[in-house]
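Please find below my notes on the model you passed on, set out as numbered points.

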Amino acid sequence: MTAQPDFQTASTTRRGFLQWLLGFSVVSTFAGMLAPVIGYLLPPQRQNLGSSDPIMVGAVADFAVGTGKVVSVNDKPVIVVNTSTGGIKAFSAICTHLGCVVNWNGKKNVIQSPCHDGLFNPVTGAVVGGPPPRPLPAYELTIKDGKVYVGKPQGKLYGA
Ligand code: FES
């Protein structure tokens, strides 16, 4: 006499596995839906937000001569430029005309506002073209151990 397969046990095991899988799917779905809500309600602490301590924005090598890059300092855009005549400087990246974020124009060697073609001198922040009424405020900048640190703004920021 041959042994008969135990269909009852196999069916129960399969059913149990499917119930576990369904439960896991439901829990995973709710966790996936709740995670963004919890992330919105409890935003992560940002380091140095609102602090006056200088913020390290990169290594000196990250700012080659003839380039400029917008970085975030205390949640404000700051443009760090390196020119052959002025060295590494930092200015508010908020255009003094209507508040667009400026960027580096390497062809013209100027800081440029993309909105109305406002142009700024990358050594002084002075307006050299377009409608901006004031220069870009400079930021304190220090270089220590090959790293670039940006501190406080030296003038009134746009909208402040
Ligand atoms: S916002 Fe920069 S030129 Fe108008």
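1. Which residues does Gln154 touch, not counting residues up to four places away in sequence? With contact taken as heavy atoms within 4.5 Å, Gln154 touches Ala138, Tyr139 and Glu140. Gln154 is placed in the segment after β10, and its C-alpha is 9.9 Å from that of Leu136, although the two are 18 residues apart in sequence. Gln154 counts as exposed because its relative accessibility is 52%, the classes being buried under 20%, exposed over 50% and partly exposed in between (1.4 Å probe, protein chains only).

2. This is a predicted model, in which local features need pLDDT of at least 70 and side-chain atom pairs count only at pLDDT 80 or more, while totals for chains, interfaces and linings use all residues. Residues are numbered from 1 along each chain as its sequence is written, and side-chain values use heavy atoms, with hydrogens and water left out.

3. The mean pLDDT (the predictor's confidence in each residue, from 0 to 100) is 89 for the chain, and 88% of its residues reach 70 or more. Confidence is lowest in α1, at a mean of 84, and highest in strand β7 (residues 119-120), at 98.

4. The largest nonpolar core (buried Ala, Val, Leu, Ile, Met, Phe, Trp, Tyr and Cys residues joined through side-chain atoms within 4.5 Å) has 13 residues, and Val73 is among those with the most contacts inside it. Strands β1, β2, β3, β4 and β10 each supply at least two residues of this core. A second, separate core of 10 residues includes Ile79, Phe91, Phe120 and Leu136.

5. Val73 itself touches Ile55, Val57, Val78, Val150 and Gly151, with residues up to four places away in sequence not counted.

Notes: Helix = DSSP H or I, 4+ residues; strand = E, 2+ residues; numbered from the N terminus.
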